Amino acid sequence: MRVWQGILHIPATYLRGGFLLGAYAEVKSRRFDTDAVLEKILQHDKEGFVSFYERYRGRVYRFIVRQYGTGEYGKAAYYSAWRHLVISGLTNKTPKDLKLSFYQYLGKSVQTPGVAQSADMQSNYLPRDIEQDGNWSLVLMEHFKHLPDDKKRYFLFKHELGISETAISKVLHVSRKRVEKGLRIAESQLHEAMIDSGCPKRRSLERLYRESRVVKPPASWDREIIDSYNMWLKQTEQPGQPKQAPAEPAASPGLVGKLGLIKDQVRSKISTLGKRSSPKGARVRKVT
């Protein structure tokens with residue numbers, strides 16, 4: 001009985017991927033699965049694209065709409081990002097190159113969209129509702145809107161996509177020191193703003209942001225993205241040139257054939273010598 005009680009008190013993370021079920025192997029297999037799925041995308045396999053989309057759609061969605069909003073501009077940016085993944089699968093050679101190209105496109109596409117296209121995500125929560133429910137992640141997102149664009153990118157690349165400062169600098173083609181400084185400023189501003197809003201100090205930014213990651217793209221967006229896969233491939237296919245059959249080498253005429261050719265050549269010369277040139281042709285030769 002004590003043995004069963006001990007097992008029941010093991011945290012759920014250990015039951016899902018801990019030493020009882022081989023956690024270390026599972027983590028490695030998950031990374032391997034990601035590379036395998038990207039390899040399928042390189043092979044223009046729709047099933048691989050759907051698997052990758054199902055796994056990362058939430059991260060990409062939050063990365064984009066938390067800067068552009070969920071309006072037409074944000075939707076267009078979301079579609080454009082996934083279309084780029086499909087198209088770049090035709091030119092990249094390795095899963096690592098494909099992932100880097102995808103991240104670079106996200107970084108380049110997230111520029112200052114203008115006042116009319118800025119993220120406008122109104123919250124239905126009032127301050128008293130937040131105090132009652134304790135949903136401080138919504139407050140964090142409200143303060144996040146006021147960060148400069150480059151600080152937003154740094155913060156989302158780290159906390160949403162989960163890549164390091166070195167990887168961010170490589171993706172955005174900036175120095176690592178600049179990325180580290182930008183992250184310190186963004187996190188410091190958000191931390192101070194949360195304290196000023198009344199958020200308990202024990203609530204870290206990492207924890208608050210994890211609580212905000214329940215946002216997913218609409219189901220209609222999912223269907224349209226998946227249904228557009230074949231169309232994106234066809235739009236990028238180059239019309240193939242018709243293949244011409246190689247010219248067959250002429251068959252050797254043999255001895256009899258060679259004698260026939262010689263006879264024809266002799267007859268042709270004799271016939272030309274026997275012809276008298278026309279007077280007109282003679283006059284032309286004299287003049288020249």
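**Exercise 1. Threonine 34**

Task: In which helix is threonine 34 found, and is threonine 34 buried or exposed?

Solution.
- Start with the place: threonine 34 belongs to helix H3, which covers residues 23-42. Helices (H or I, at least four residues) and strands (E, at least two) are DSSP runs, numbered from the N terminus.
- Before going on, remember that this is a predicted model: local features need pLDDT of at least 70, side-chain atom pairs count only at pLDDT 80 or more, and totals for chains, interfaces and linings use all residues. Residues are numbered from 1 along each chain as its sequence is written, and side-chain values use heavy atoms, with hydrogens and water left out.
- Now look at the surface: threonine 34 has a relative accessibility of 7%, so threonine 34 counts as buried. (Buried is under 20% relative accessible area, exposed over 50%, partly exposed in between, with a 1.4 Å probe and protein chains only.)

Task: With which side chains does the side chain of threonine 34 make a polar contact?

Solution.
- One partner is arginine 55, whose side chain is joined to that of threonine 34 by a polar contact of 2.9 Å.
- Tyrosine 56 is another partner, and here the side chains make a polar contact of 3.4 Å. (Polar contact: N or O atoms within 3.5 Å; within protein, one must be able to donate a hydrogen and the other to accept it, and residues adjacent in sequence count only if both are side-chain atoms.)
- To complete the picture, set aside the neighbours within four places in sequence: threonine 34 is then in contact, meaning heavy atoms within 4.5 Å, with Phe52, Arg55, Tyr56 and Lys99.

**Exercise 2. The rings around phenylalanine 52**

Task: How many aromatic pairs does a search of the whole structure find, and why is the pair of phenylalanine 52 and tryptophan 82 given its class?

Solution.
- The search gives 20 aromatic pairs. (Rings of Phe, Tyr and Trp, the last by its six-membered ring, pair if their centres lie within 6.5 Å; planes under 30 degrees apart are stacked, over 60 edge-to-face, the rest tilted.)
- For phenylalanine 52 and tryptophan 82, the ring centres are 6.2 Å apart and the planes stand at 75°, so this pair is edge-to-face.
- Phenylalanine 52 sits in helix H4 (residues 46-68) and tryptophan 82 in helix H5 (residues 72-88), so their pair ties together parts 30 residues apart in sequence.
- Phenylalanine 52 and tryptophan 82 are both buried.
- Turn next to phenylalanine 102: its ring centre is 6.3 Å from that of phenylalanine 52, with the planes at 75°, so this pair is edge-to-face.
- Phenylalanine 102 lies in helix H6 (residues 95-109) while phenylalanine 52 lies in helix H4, so the pair ties together parts 50 residues apart in sequence.
- Phenylalanine 102 is buried, as is phenylalanine 52.

**Exercise 3. Partners far along the chain**

Task: For aspartate 222, glutamate 39 and phenylalanine 63, give the helix of each and then a C-alpha separation for each.

Solution.
- Aspartate 222 is part of helix H13 (residues 219-227). Its relative accessible area is 12%, so aspartate 222 is buried.
- Aspartate 222 and glutamate 54 are 168 residues apart in sequence, yet 8.8 Å apart from C-alpha to C-alpha.
- If residues up to four places away in sequence are not counted, aspartate 222 touches Tyr53, Arg57, Tyr78 and Pro217.
- Glutamate 39 has its place in helix H3. With a relative accessible area of 31%, glutamate 39 is partly exposed.
- From glutamate 39 to threonine 94 there are 55 residues along the chain, and their C-alpha atoms are separated by 7.1 Å.
- Phenylalanine 63 has its place in helix H4. Its relative accessible area is 0%, so phenylalanine 63 is buried.
- Leucine 161 is 98 residues from phenylalanine 63 along the chain, and 7.9 Å separates their C-alpha atoms.

**Exercise 4. The whole chain**

Task: How many helices and strands are in the chain, and what part of the residues is buried?

Solution.
- Count the elements: the chain has 16 helices and 0 strands.
- Then take the surface: of the 288 residues in the chain, 32% are buried.
- Finish with the contacts: among those between residues at least 6 apart in sequence, 70% join residues at least 24 apart.
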